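Here are a few exercises to work through with the model open beside you. Try each task before you read the solution below it.

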Amino acid sequence: MLTAQGREDPNENTGISIVESRVRLTSDFDPVKDLFKSYLGRPWKKHFRTVLLKTDLNGLIHPKGWTEWSGSFALSTLYYAEYMNTRSGPLTGSRVKWPGFHVFSSADEASPFTMSRFIQGESWIPETGVSLV
């Protein structure tokens with residue numbers, strides 16, 4: 001699993017937002033990667049929320065993207081979304097068909113999960129020395 005996030009209350013302003021990143025294998029895992037299925041996440045709490053925007057998944061993630069944790073637990077209350085991610089092979093067309101999975105079709109839909117809106121990053125990230133570009 002790439003992510004593991006959960007909320008007790010659907011109104012909590014928490015979640016995972018991965019933006020303009022690269023998901024890569026370590027060199028020691030590459031020879032055995034086909035022996036494992038890798039997923040973006042699973043709902044281990046009722047109101048799981050994870051969004052990936054413009055992220056290069058490099059063909060590592062299973063085509064369905066996300067997986068169940070315990071049967072149908074939380075599949076109707078989770079919030080997963082993707083926008084303009086890249087990888088080798090099919091992307092969102094093979095993803096899960098759960099009510100809480102979304103494929104954003106515009107930057108406007110994705111904008112609530114960007115660094116500036118989701119975590120107000122422009123006000124504190126520059127102090128860390130991390131580039132915003």
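**Exercise 1. Work out which atoms pair up between Asp56 and Arg24, and what the pair connects.**

Solution. Keep in mind that this is a predicted model.
- Start with the side chains: those of Asp56 and Arg24 meet in a salt bridge, with N and O 2.8 Å apart. The cut-off for calling a salt bridge is 4 Å, so 2.8 Å qualifies.
- Now place the partners. Asp56 sits in the loop between strand 2 and strand 3, and Arg24 in the loop between strand 1 and strand 2, so the pair ties together parts that are 32 residues apart in sequence.
- Check the cover: Arg24 has a relative accessibility of 41%, so Arg24 counts as partly exposed.
- Asp56 has another neighbour to look at. Thr86 is 30 residues from Asp56 in sequence, yet their C-alpha atoms are 4.7 Å apart.
- Thr86 belongs to the loop between strand 3 and strand 4 (101-103), and is partly exposed at 43%.
- Leaving aside neighbours within four places in sequence, Thr86 is in contact with Thr55, Asp56, Leu57, Asn58 and Leu91.

**Exercise 2. How many salt bridges are there, and where do Lys45 and Glu8 sit?**

Solution.
- The count is five salt bridges.
- In one of them, the side chains of Lys45 and Glu8 come together at 3.1 Å, N to O.
- This pair links distant parts of the chain: Lys45 is in the loop between strand 1 and strand 2, while Glu8 is in the segment before strand 1, 37 residues apart.
- Is each partner buried or exposed? Lys45 is partly exposed at 23%, whereas Glu8 is exposed at 59%.
- Another salt bridge joins Asp30 and Lys33, where the closest N and O atoms are 3.5 Å apart. Asp30 is partly exposed at 41%, and Lys33 is partly exposed at 35%.

**Exercise 3. Classify the ring pairs Trp66 with Tyr80 and Phe113 with Phe118.**

Solution. You need two numbers for a ring pair: the distance of the centres and the angle of the planes.
- The count of aromatic pairs is eight.
- For Trp66 and Tyr80, the centres are 3.7 Å apart and the planes differ by 10 degrees, a stacked pair. Planes under 30 degrees apart count as stacked, so 10 degrees fits.
- Trp66 is in the loop between strand 2 and strand 3 and Tyr80 is in strand 3, so their pairing ties together parts that are 14 residues apart in sequence.
- Next, the cover: Trp66 is buried at 0%, and Tyr80 is buried at 0%.
- For Phe113 and Phe118, the centres are 5.6 Å apart and the planes are at 45 degrees, so this pair is tilted.
- Phe113 is buried at 9%, and Phe118 is buried at 13%.
- Finally, zoom out from Trp66 and Tyr80: together with Phe48 and Trp98, they form one aromatic cluster.

**Exercise 4. Describe the surroundings of Gln5 and Ala4.**

Solution.
- Gln5 lies in the segment before strand 1 (16-19), and Ala4 is in that segment too.
- Their cover is another matter: Gln5 is buried, with a relative accessible area of 8%, whereas Ala4 is exposed at 56%.
- Look for a polar partner of Gln5. A polar atom of the Gln5 side chain lies 2.9 Å from the backbone nitrogen of Arg49.
- Set aside residues up to four places away in sequence, and Gln5 touches Thr14, Gly15, Ile16, Trp44, His47, Phe48, Arg49 and Thr50.
- With the matching exclusion, Ala4 touches Ile16, Trp44 and Phe48.

**Exercise 5. Find what surrounds Thr67, then find the nonpolar surface patch that includes Phe73.**

Solution.
- Thr67 is in the loop between strand 2 and strand 3, and counts as buried at 10%.
- The side chains of Thr67 and Glu68 make a polar contact of 3.3 Å.
- Beyond four places in sequence, Thr67 touches Met1, Tyr39, Gly41, Arg42, Pro43 and Trp98.
- Phe73 lies in the loop between strand 2 (49-53) and strand 3 (79-83). Phe73 is partly exposed, at 34%.
- Phe73 joins Trp44 and Trp69 in making a nonpolar surface patch of about 300 Å².

How values were computed. Residues numbered from 1 in each chain as written. Predicted model: local features only at pLDDT ≥ 70, side-chain atom pairs only at ≥ 80, totals over all residues. Heavy atoms only, no water. Patch = residues over 30% accessible without salt bridge, like charges linked within 9 Å, V, L, I, M, F, W, Y side chains within 5 Å. Areas by Shrake-Rupley, 256 points an atom, 1.4 Å probe, with all protein chains shown as cover. Helix = DSSP H or I, 4+ residues; strand = E, 2+ residues; numbered from the N terminus. Buried < 20%, exposed > 50% of the residue type's maximum accessible area, 1.4 Å probe, protein only. Polar contact = N/O pair within 3.5 Å; in protein donor to acceptor, adjacent residues only side chain to side chain. Contact = heavy atoms within 4.5 Å. Phe/Tyr/Trp six-rings, centres within 6.5 Å; stacked < 30°, edge-to-face > 60°.
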